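Student: Please take a close look at the salt bridges in this chain. I would like to know which residues pair up, where they sit, and whether they are buried or exposed.

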Amino acid sequence: MIPGNRMLMVILLCQVLLGESSYASLIPEEGKKKASALHLAQSHELLRDFEATLLHMFGLQRRPRPSHSAVVPQYLLDLYRLQSGELEEAGAQHVSFDYPERSTSRANTVRGFHHEEHLEELQSDGSQETPLRFVFNLSSIPEDELISTAELRVYRQQIDDAFSDPDQTGDHGLHRINIYEVLKAPREGQLITQLLDTRLVRHNTSKWESFDVSPAVLRWTQEKRSNHGLAVEVVQMKRNPVQKGRHVRVSRSVHPLPDEEWDQLRPLLVTFGHDGKSHPLTRRAKRSPKQRGRKRNRNCRRHALYVDFSDVGWNDWIVAPPGYQAYYCHGECPFPLADHLNSTNHAIVQTLVNSVNTNIPKACCVPTELSAISMLYLDETDRVVLKNYQEMVVEGCGCR
């Protein structure tokens with residue numbers, strides 16, 4: 001059985017076994033009375049095996065159990081919606097979002113990381129003159145996943161006075177954001193750093209700024225060098241206004257905000273990697289359902305099979321999609337095989353031989369074309385992952 005068929009079979013069996021009403025409907029009324037504890041124990045054991053198999057296909061060691069504090073960054077949600085075509089389907093072409101074509105073209109997995117906030121206070125006094133150090137725990141990245149690029153996203157909010165204050169014109173209305181890799185972090189004294197990226201920006205715009213931190217992340221993940229974190233420095237050009245760069249959202253202690261707002265505005269490290277198992281993420285339009293005529297026959301064709309993740313109790317860790325149309329192939333491969341049955345020469349010969357010798361089986365109705373889906377989910381460590389999975393949707397059926 002090909003991987004795509006095996007995946008669909010496991011999902012379907014999980015749905016049947018996890019749903020009590022579905023399970024009950026498969027047992028005659030008389031048989032229900034005879035159901036034993038052993039039978040139920042065997043069913044639960046079978047269910048665990050199916051779940052473990054499916055999680056392994058998703059590259060997970062165990063079923064994620066997200067905490068109540070888990071946060072899904074809006075950036076990753078927008079990236080999923082744009083990549084999967086949902087924004088176009090919803091008529092939201094006006095949404096301002098820079099799709100990272102270069103990064104996603106070489107990656108099938110995108111991961112988001114917030115810094116270890118409890119370590120932040122140990123590294124800086126919070127003043128704008130001192131770079132703030134942020135430590136990101138990247139241990140959840142599998143060893144076989146090769147990082148191609150990584151970016152640090154920092155949010156800055158416009159200063160209203162920048163439109164009216166003459167001191168905010170020219171170079172006075174500019175500030176520079178510097179991003180460093182921390183090479184050493186002595187307990188006393190200044191951080192030893194190396195510049196990774198820098199940008200000169202104006203005060204009169206609210207937007208996310210993305211900085212390339214790939215060299216540092218590659219050193220940490222592939223070269224196994226010590227991860228001492230990143231440092232963010234905001235430098236005011238020429239005069240130093242009262243704001244002192246406080247419009248750049250880099251620290252909770254420097255920028256008191258409600259928890260809900262800070263969760264979405266805090267710095268975000270995003271990695272783009274590839275596990276070598278499926279094609280890279282590609283921006284695509286939402287597929288429109290294929291129209292079929294009313295005429296129905298028993299020949300090989302594609303049938304609907306909607307997989308609802310809430311039915312298997314996985315909607316708490318799978319953020320999107322809530323489910324997807326997987327489809328399956330079913331039907332006869334009659335003699336003689338018609339052209340529309342998408343048959344191979346071997347299937348034609350096998351069907352011909354079957355017509356005179358029934359000991360030779362007929363050709364089978366199987367998927368001939370499969371496509372991928374993207375999933376946005378929380379992993380075992382509450383990290384948000386956007387991943388591309390191959391051979392999840394049947395696009396075409398044929399006799400083989």
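Tutor: Start with Glu-181, which forms a salt bridge with Arg-219; the closest N and O atoms of the two are 2.6 Å apart. Glu-181 belongs to strand E4 (residues 174-184) and Arg-219 to helix H9 (residues 214-221), so the pair ties together parts that are 38 residues apart in sequence. The model is a predicted one, and the distances quoted here are computed from it.

Is each partner of this pair buried or exposed? Glu-181 has a relative accessible area of 4% and is buried. Arg-219, at 17% relative accessibility, also falls on the buried side, since buried means under 20% relative accessible area.

The next pair is Arg-199 with Glu-209, a salt bridge whose closest N and O atoms are 3.1 Å apart. Here two strands are involved: Arg-199 lies in E5 (residues 192-202) and Glu-209 in E6 (residues 207-212), so the bridge ties together parts that are 10 residues apart in sequence. The two partners fall into separate classes of exposure. Arg-199 has a relative accessibility of 26% and counts as partly exposed, whereas Glu-209, with 5%, counts as buried. This pair also belongs to a network of salt bridges, in which Arg-156, Arg-199 and Glu-209 are linked.

A third pair joins Glu-395 and Arg-302, whose side chains meet in a salt bridge at 3.9 Å, N to O. That distance is inside the cut-off, because a salt bridge needs a side-chain nitrogen of Lys or Arg within 4 Å of a carboxyl oxygen of Asp or Glu. The bridge links distant parts of the chain: Glu-395 is in strand E16 and Arg-302 in strand E10 (residues 301-303), 93 residues apart. Glu-395 has a relative accessibility of 12% and counts as buried; Arg-302, with 8%, counts as buried too.

How many salt bridges are there by this rule? The count comes to 11, and the pairs described above are among them.

Some background on the rest of the chain helps to place these pairs. The chain has 11 helices and 16 strands, and 44% of its 400 residues are buried. Of the contacts with a separation of 6 or more, 74% are between residues 24 or more positions apart.

Strand E16, which holds Glu-395, also has a part in the nonpolar packing. The largest nonpolar core has 32 residues, and those with the most contacts inside it are Phe-58, Trp-314, Trp-317, Tyr-324, Met-375 and Tyr-377. Helix H4 (37-57), strand E15 (365-378) and strand E16 (384-399) each supply at least two residues of this core. E16 gives the largest share, seven residues. A second core, separate from this one, has 24 residues, including Ala-216, Trp-220, Leu-230 and Val-234.

Elsewhere, helix H5 (residues 74-84) is mostly covered, with eight of its 11 residues buried. Polar side chains appear on that list as well: Asp-78, Gln-83 and Ser-84 are among the buried residues of H5, together with others including Tyr-75, Leu-76 and Leu-79. Just after H5, Gly-85 takes a positive phi of about 90 degrees.

Conventions. Residues numbered from 1 in each chain as written. Predicted model: local features only at pLDDT ≥ 70, side-chain atom pairs only at ≥ 80, totals over all residues. Heavy atoms only, no water. Helix = DSSP H or I, 4+ residues; strand = E, 2+ residues; numbered from the N terminus. Buried < 20%, exposed > 50% of the residue type's maximum accessible area, 1.4 Å probe, protein only. Contact = heavy atoms within 4.5 Å. Core = buried A, V, L, I, M, F, W, Y, C linked by side-chain atoms within 4.5 Å.
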